[in-house]
Each structure stands twice: as C-alpha cells, then as structure tokens.
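Got your viewer open? Grab the selection tool and follow along, one stop at a time.

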There are 2 protein chains.
Amino acid sequence: MTETAANGRRPRRRRPPMRAGGLDLRVTLQDVADRAGVSLTTASRVVNEGARRVGPVMTDRVNRAVAELGYMANLQARAVATGHSAMVGVTVHNIDDPYFSSIAAGLIDATRTRQLLVCISSTAHGEAGECQYVSLMRGQLARAVVLIGSRSDDQRAREALRAEVSAFVSAGGRAVCVGQDMLGVDTIMPENRAGAMALARSLVALGHRSFAVLAGPRDVLTAKDRTDGFRAGLRAWSVELNPRWVVAGAFTRDGGYEAMSAVLASGPARPDCVFAVNDVMAVGALARLRAEGISVPDDIAVAGFDDIHTLRDVYPPLTTVRLPLKRMGEMAANLVLSEDGRDRPRIIPVPGEVILRESTLPRPR
Amino acid sequence: MTETAANGRRPRRRRPPMRAGGLDLRVTLQDVADRAGVSLTTASRVVNEGARRVGPVMTDRVNRAVAELGYMANLQARAVATGHSAMVGVTVHNIDDPYFSSIAAGLIDATRTRQLLVCISSTAHGEAGECQYVSLMRGQLARAVVLIGSRSDDQRAREALRAEVSAFVSAGGRAVCVGQDMLGVDTIMPENRAGAMALARSLVALGHRSFAVLAGPRDVLTAKDRTDGFRAGLRAWSVELNPRWVVAGAFTRDGGYEAMSAVLASGPARPDCVFAVNDVMAVGALARLRAEGISVPDDIAVAGFDDIHTLRDVYPPLTTVRLPLKRMGEMAANLVLSEDGRDRPRIIPVPGEVILRESTLPRPR
DNA sequence: CTTGTCCAGGAAAGTGCTTTCCCGGGCTAC
DNA sequence: GTAGCCCGGGAAAGCACTTTCCTGGACAAG
C-alpha cells in the first residue's frame with residue numbers, strides 16, 4: 001500500500017500526430033492493473049490465461065477491470081515481447097480475379113477458427129511486389145507467408161524472391177506457395193500441364209482437329225504450362241498446333257477478347273476449337289465470337305481452364321478443367337498450420353478434372 | 001572504444017516455440033549498429049531517414065551494414081515505440097463475391113503507393129464478426145478500419161459494433177464504412193434505393209407491368225433498400241408489387257436460382273419481369289429460367305443490380321444498375337487517408353446508373 | 001515446534017525500437 | 001581571443017507488453 005500510492009500513473013504518453021480533437025483513450029494493461037489494484041504481472045497473467053495460475057479473487061478483479069475499461073491488449077507489444085505474432089501474409093496477383101479470390105476465400109475460411117490474422121496484398125503480377133511483401137512480413141514477425149499465383153519465367157526475379165523467402169524462413173516463419181514449385185518451400189501445385197493435356201485429348205476425341213490457343217501472358221509459367229500441356233496432348237494424337245494460332249494475351253476477359261480477335265484476323269481459315277488458358281479469357285473469346293456472329297459451339301468450340309464458379313452460368317456453358325480452388329486455399333492454410341518437422345518441402349499436386357459442357361459439343365466429321 | 005568492448009552482445013534471446021531445426025537468424029538494429037560501429041541511436045536515425053541528419057560517413061557505414069546483414073526493421077517494435085502502425089483493416093462479407101472483391105481491389109490499388117499494409121478479413125455476414133475484427137484492429141494499433149458491406153437490421157448487433165468502432169476511434173484510429181450510414185463514421189453510401197427506383201421506372205417505361213423481386217436476405221439492409229426502392233419506383237407509376245412475388249433468398253447464384261424457383265412455383269401466372277437485387281442472384285435466376293425452357297427476355301425479362309464486371313458476358317446481357325465498385329474502394333481509401341478535421345462524419349453518396357441491356361428488351365403491349 | 005514445500009503475488013529484467021536530452025567540437029561573429 | 005551557436009553523435013528513458021526470479025505466507029510432514 002505504501003509503494004502503490006507513490007506509484008503514480010505515468011503521464012499520458014506523447015502521441016505524435018494525434019488526430020485533431022480526437023481525445024486519445026488508449027487503455028493499457030497498467031490501467032487495468034491500477035484499477036484492479038493488482039500488479040502489472042498479475043494483470044498480464046489473467047489476461048493471457050497462461051500456464052501460471054492466479055487466485056480467483058484477483059482474477060475476478062482483473063476481469064472486471066478489463067470489461068469496465070474496454071481493454072484490448074496491444075498486440076504489437078505482445079509480439080515484440082514474445083517474438084512472434086498471429087499474422088499470416090498472403091499475396092495474390094489480383095484479388096479481383098475470381099481465381100485468386102476463390103483460393104483466398106478458402107484460405108480465410110480455414111483460418112477463421114485458428115485465431116490468425118490474414119493480411120492480403122494484391123501484387124498485380126510480378127515477383128518484385130511479392131519480394132517486397134515478404135520482406136514486410138518478416139518485419140511483422142509474421143507466422144507465415146502464402147504466395148498465391150503463378151511464378152514467372154524471369155530467373156533473376158525468382159532468385160531475388162527465393163532469397164527473400166529464405167530470409168523469412170530463417171527468421172522463424174513458414175512459407176507456402178500455391179503455383180509452381182520453384183521457391184523451395186511447401187507448395188500446392190495445380191497440375192496445369194496434365195490438365196491441359198487431358199483436355200486436349202478429350203477435345204480431339206470429340207472430333208476437333210484444328211485448334212487455336214489463347215495462351216495468356218508470355219512470362220507467366222501457368223500460362224506456359226497449360227499451353228505446353230495442351231500442345232503435348234494434341235501431339236499424342238498426332239495433331240499439330242499451328243503457331244500462328246497460338247496468341248498471347250492478358251489473363252483477363254479483355255485479354256481473351258483481343259487474343260480471339262487476333263486469331264480471327266490471322267486469315268480466312270478458322271480453327272475447329274479455341275482453348276483459352278483460363279476461363280476468364282474464354283469468356284472474352286465467347287464475347288468476341290458472338291460479336292462476329294460466329295456460333296459457339298456450332299462454328300467454333302471454346303474451352304477454358306479453372307472452372308470458375310461465377311462463370312458457370314455463361315452461355316453456352318463452358319468446357320473447362322476444374323481446379324478445386326477453394327480447397328486449394330484450405331490446403332495452403334493446412335500447410336501453414338501444420339508443423340512439418342521434415343527437412344524437405346512438401347509438394348502437393350492438385351489434379352484438374354476435365355468438364356465437358358456445351359461449348360464443345362461433339363463435332364461430326 | 002573502452003565501453004564498446006565491454007558492451008558484449010546480449011545473448012541470443014529466448015525464442016519460445018522455435019521451429020525444429022530452423023536456425024533463427026533474426027537480425028536486429030543493434031546488430032546493425034554493432035557491425036557499423038555506431039550507436040543504436042545513429043543506426044535508427046539512418047534507417048528512418050527522419051528529421052535528424054546524420055553525417056555521410058556514418059550513414060554510409062550503416063547502410064552497408066544493413067545490406068550485408070539483410071536487416072529488416074521489426075515493425076511491431078516500431079509500432080510500439082511510435083504508437084501507431086501502417087496497418088489498415090478491411091472487412092468484407094465474402095471475399096469470393098465479386099461485389100466485395102471489386103471494392104477490395106480498388107481499395108488495395110489506391111493503397112499500394114501509400115505504404116499501407118492492408119489486412120482483409122472475410123466476416124461471412126454478421127456484425128459479430130466485424131465487431132471482433134475491429135477490436136483486433138484496435139489491438140494492432142491499426143491506422144484505420146474499413147467495413148465493407150451492408151449493415152443488418154439487427155439493432156443490438158449494430159449497437160455493439162457501433163460501440164466497438166467508437167472505442168477504435170477513441171484509440172486514435174479512423175473508421176470508414178462502405179454501405180449504409182449507421183455507424184456514425186465516414187461512409188461511402190451507394191444509393192441503393194434511388195437506383196432501384198430508377199430501374200423500376202425504366203422497366204415500366206419498357207412496357208413491363210407485373211414484377212417479381214428476388215429480394216435477398218431478409219435482414220440485410222442493402223437488400224431491403226433495393227426492394228423498397230423498387231417498390232416505390234413502381235408505385236410512382238401506379239404499379240403494385242404482388243407480395244407473393246417478393247421472395248427472399250441468399251445473396252448468391254444459388255439463392256437466386258431458388259428464389260426464382262419459388263416464384264415459378266407460386267402459381268400458373270408469371271411476371272413480365274424479374275428484378276434480382278443483385279447480379280449474382282440474377283444469374284441464378286437466368287439459369288433457373290433456362291432450365292425451365294423459359295426464354296429471356298421474350299417470356300420473362302430479368303434485371304439485376306451492381307453491374308459486376310465478370311458477369312458482363314452472361315447471355316442475355318443483363319440489365320442492371322451500375323455501381324462503380326472499384327471506384328468506391330478508392331474512395332474509401334481516400335477517406336482513410338485524408339485527415340478530416342471536421343466534427344461530423346462525411347457521407348459520400350454514390351449514385352447508381354441504370355444500364356439497359358438485352359435481358360429486358362422493350363415489351364410490346 | 002521446526003523444517004520443507006507449495007503457491008500466489010510482485011519487482012524487475014527483458015523485447016526491439018524511437019526520441020529526448022546531453023555533450024563536445026568546430027564554426028562564425030564581434 | 002572569446003562568446004555563442006549549430007551539428008553530429010551517443011546515453012538513456014521511454015513504449016506496452018511477457019517472463020524470470022524472488023519473497024512471504026500457508027500448510028503438511030517430521
């Protein structure tokens with residue numbers, strides 16, 4: 001009681017920018033302790049419900065003070081003291097793209113019950129942005145970082161990212177990638193190549209013989225893998241792909257629209273079937289064909305990749321390769337949460353499933 | 001030099017859970033200072049490029065040490081020291097819904113250059129989840145919190161959220177809402193009511209006389225506002241809405257599908273036109289009508305709301321009310337970043353624009 | 001009655017950073 | 001030549017927590 005009285009409250013801290021007029025009522029654990037008439041230590045122990053037990057009287061007093069003051073622990077300070085936080089950093093290339101938002105949704109869902117704080121950054125393609133974000137997460141003492149999206153074929157950028165990720169891991173974090181296995185960390189790996197290959201086989205089986213590919217961005221490995229897989233699948237049936245009909249384009253609806261335009265402009269001949277390396281592009285292609293008055297699937301068939309949920313109702317229904325996107329997000333979350341204990345990264349392949357719909361009806365020959 | 005030698009490096013800190021085998025190489029500012037042979041203070045000043053100038057020699061030495069050691073500041077510690085962080089918390093109801101991911105994309109975009117760290121939580125409807133998240137953000141000393149999505153008509157929940165937000169603001173944060181103005185904070189307010197009203201007028205002008213409304217979830221104010229606005233718009237033309245044809249349903253494709261089913265099942269009569277309170281539901285309705293062999297727009301016209309970008313290519317193209325979703329995200333970011341200095345919250349109404357497309361061709365009478 | 005063992009509570013030392021305050025040297029002004 | 005003044009550098013005091021270590025009392029065992 002003697003000391004306690006002398007232990008005057010520290011003066012309100014300097015709070016630098018201090019919003020105009022907004023009185024600052026940040027309440028600290030010390031405030032709680034004071035109000036409850038206990039030591040800071042005891043207050044901390046009650047709040048943390050940790051190993052150390054506290055008597056029921058004190059516990060009660062502290063809890064009451066917490067409620068009365070509306071106390072919320074300063075999580076940053078806690079992170080500094082303990083050396084780790086509950087944050088999980090996530091990067092996607094474009095959150096507005098349903099491919100990414102589906103995966104993110106799965107991840108967030110799986111994470112909800114686990115008391116983790118998910119931070120999403122939309123890095124608009126490019127390893128540079130991801131690099132920066134991983135570094136930021138290192139600064140946040142993030143528990144993990146999840147890099148969602150295709151790797152690029154830019155070797156230098158990839159090395160830089162690899163180094164950054166490795167620094168993050170050395171600092172005690174965990175890293176997971178959804179895409180290609182190029183970072184030396186746990187990876188959820190959609191089987192783009194095999195999926196596209198299977199799709200090619202199915203399309204040939206339906207009677208299609210000449211193909212165009214709307215191949216996505218040149219430097220994106222996912223696009224490359226799907227294109228290559230498709231070509232390989234055709235080749236297995238001795239069907240060759242006309243290089244003039246393999247045209248690049250952005251991974252967007254408009255990218256698909258323009259790539260389709262390029263195919264149509266390439267000459268009077270037309271392919272039996274167009275494979276767009278993702279559904280979003282396929283929708284753009286459909287729009288372009290409709291604008292031209294070309295009937296799908298009667299004149300030209302169209303197939304996509306991903307089986308995006310929100311696109312399941314375009315007309316005609318799109319043949320595609322289904323990837324369990326939400327599930328992939330959950331799998332990523334599980335990788336983040338499970339201790340590995342093993343020395344080598346886990347690679348989890350995710351097969352795609354060919355879904356034939358009306359956009360590629362059988363072609364009578 | 002005398003002191004420096006004695007100033008032995010602190011022993012490596014206790015690092016509690018310590019991943020198996022993962023050697024912990026967290027490098028601190030002290031390490032940098034030691035390596036550069038300068039004081040902690042100087043190192044800090046160099047790293048922060050703050051007001052205080054440091055001589056070129058020291059600056060250089062520190063920068064070199066930073067590079068060599070791969071130093072990344074512990075942002076949590078910085079936040080503790082300064083009393084604020086660069087974090088912005090964002091809640092959406094469902095990140096997988098294009099409505100939300102578009103707004104989020106706009107927000108993230110606008111935020112990229114500003115050195116802010118965006119944390120997104122998907123709170124799956126419900127003020128309770130938002131409450132919890134705002135509290136979490138208070139613990140993170142977040143600079144701001146952005147609540148994206150409709151308020152519900154649950155008064156108690158709303159009060160709780162309001163209290164939590166107010167605690168957040170008292171602690172020096174800023175709050176922005178995208179939805180209804182019910183929280184007493186800066187708000188981006190889509191004019192749902194007016195938009196639906198205008199849509200109703202346009203549809204009547206096209207010759208439609210009997211309407212069904214797929215009205216969304218009962219407790220969601222956005223759904224309610226749109227329904228009410230639509231009803232009011234009809235009434236202005238002396239058209240009444242048959243209550244049996246106002247059916248609730250989830251804000252999803254499947255919700256729209258089922259609500260449409262309910263309308264069809266309600267009797268032999270059919271409405272001229274169906275208004276789904278958002279595009280996603282409208283797409284579900286289209287699917288249901290197609291399944292029934294009912295032609296849109298010849299037999300029944302369909303209209304939605306939002307003008308979701310990825311849905312712009314459904315067939316037939318959907319009449320809707322366009323909301324500038326990405327722009328709304330940017331506006332929210334701007335509200336977050338601009339100091340207000342005013343005493344009362346800013347409310348920014350966002351008008352919707354009626355877009356007539358083929359799903360509601362004029363009906364000859 | 002003494003000794004040893006828990007046990008709840010508190011003081012204090014940490015966590016990595018910022019920022020205030022102090023100090024000594026070089027400069028200019030008179 | 002000296003008084004006054006910046007100016008770059010460092011020591012130390014925060015910031016809001018956690019956790020170790022200590023302490024005094026209650027209790028059981030001998």
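Before the first stop, a bit of vocabulary: Ala, Val, Leu, Ile, Met, Phe, Trp, Tyr, Cys and Pro count as nonpolar, Asp, Glu, Lys and Arg as charged, and the others, Gly among them, as polar. With that sorting, the surface near DNA strand C has 15 nonpolar, 12 polar and 6 charged residues. Keep in mind that what you see is a predicted model.

**Stop 1: DNA strand C**

Select DNA strand C and show what surrounds it. There are 33 residues around this strand, and the ones that come nearest are Gly55(A), Thr28(B), Leu29(B), Ser44(B) and Ala81(B). Which helix gives the largest share of this surface? Color H3(B): that helix supplies 6 residues. Other elements with at least two residues here include helix H4 (56-69) of chain A and helix H2 (29-36) of chain B.

**Stop 2: DNA strand D**

Now switch to DNA strand D. Among the 33 residues around strand D, Leu29(A), Ser44(A), Asn74(A), Ala81(A) and Gly55(B) come nearest. Elements giving two or more residues to this surface are helix H3 (40-48) and helix H5 (75-82) of chain A, plus helix H3 (40-48), helix H4 (56-69) and helix H5 (75-82) of chain B. Here the largest share, 6 residues, belongs to H3(A). Color by class and you'll find 15 nonpolar, 11 polar and 7 charged residues on the surface near DNA strand D.

**Stop 3: a helix pair in chain B**

Stay with chain B and pick H2(B) and H4(B). Their axes are 8 Å apart and the helices pack at an angle of about 125°. That angle makes H2(B) oblique to H4(B). The crossing of H2(B) and H4(B) is right-handed. For side chains, show Asp31(B), Val32(B), Arg35(B) and Ala36(B) from H2(B); across from them, H4(B) brings Arg61(B), Val62(B), Ala65(B), Val66(B), Glu68(B) and Leu69(B). This contact has 6 nonpolar and 4 charged residues, and no polar ones.

**Stop 4: where the chains touch**

Show both chains together. How many residues does each chain put into the contact? Chain B gives 58 residues and chain A gives 58 residues. On the chain B side, elements supplying at least two residues include helix H6 (98-112), helix H7 (127-139), helix H8 (155-170) and helix H12 (279-292). The side of chain B that touches chain A has 30 nonpolar, 18 polar and 10 charged residues.

**Stop 5: the sheets**

Switch to cartoon view and select the strands of chain B. Here 6 strands form an open sheet with parallel pairing, in the order S2-S1-S3-S4-S5-S11. At the edges are strand S2 (117-122) and strand S11 (347-350) of chain B, each pairing on one side only. From one strand to the next, the twist averages 15°. Zoom in on strand S3 (residues 144-148) and strand S4 (residues 174-178) of chain B: they run parallel and 5 bridges join them. One bridge pair to label is Ile148(B) with its partner Val178(B) in S4(B).

Next, jump to chain A, where 6 strands form an open sheet in the order S2-S1-S3-S4-S5-S11, again with parallel pairing. Strand S2 (117-122) and strand S11 (347-350) of chain A each have a single partner strand, so one side of each has no neighbour in the sheet. Select strand S5 (residues 186-190) of chain A along with S11(A), and you have a parallel pair with 4 bridges. In this pair, Pro190(A) stands opposite Val350(A).

**Stop 6: a helix pair in chain A**

Pick helix H11 (residues 253-265) and helix H12 (residues 279-292) of chain A. They pack at an angle of about 50°, with their axes 6 Å apart. H11(A) and H12(A) are therefore oblique to each other, and their crossing is right-handed. The contact of H11(A) with H12(A) has 11 nonpolar, 4 polar and 4 charged residues.

**Stop 7: backbone oddities**

Most residues other than glycine have a negative phi, and most peptide bonds are trans. Which peptide bond in chain A is cis? Select Val296(A) and Pro297(A): the bond joining them is cis, with omega about 10°. Pro297(A) sits in the loop between H12 and strand S9 (301-303) of chain A. In chain B, the bond from Tyr315(B) to Pro316(B) is cis too, with omega near -5°. Finish at Gln115(A), where phi is positive, near 60°; this residue lies in the loop between helix H6 (98-112) and S2 of chain A.

Conventions:
Residues numbered from 1 in each chain as written. Chains lettered and ligands numbered in written order. Predicted model: local features only at pLDDT ≥ 70, side-chain atom pairs only at ≥ 80, totals over all residues. Near = placed C-beta within 6 Å. Pairing = 2+ DSSP bridges. Axes fitted to C-alpha atoms, helices over the stretch in contact; angles between N-to-C directions. Parallel < 35°, antiparallel > 145°, perpendicular 65-115°, else oblique. Left-handed = near helix turned anticlockwise from the far one by under 90°. Contact = placed C-beta atoms within 7 Å.
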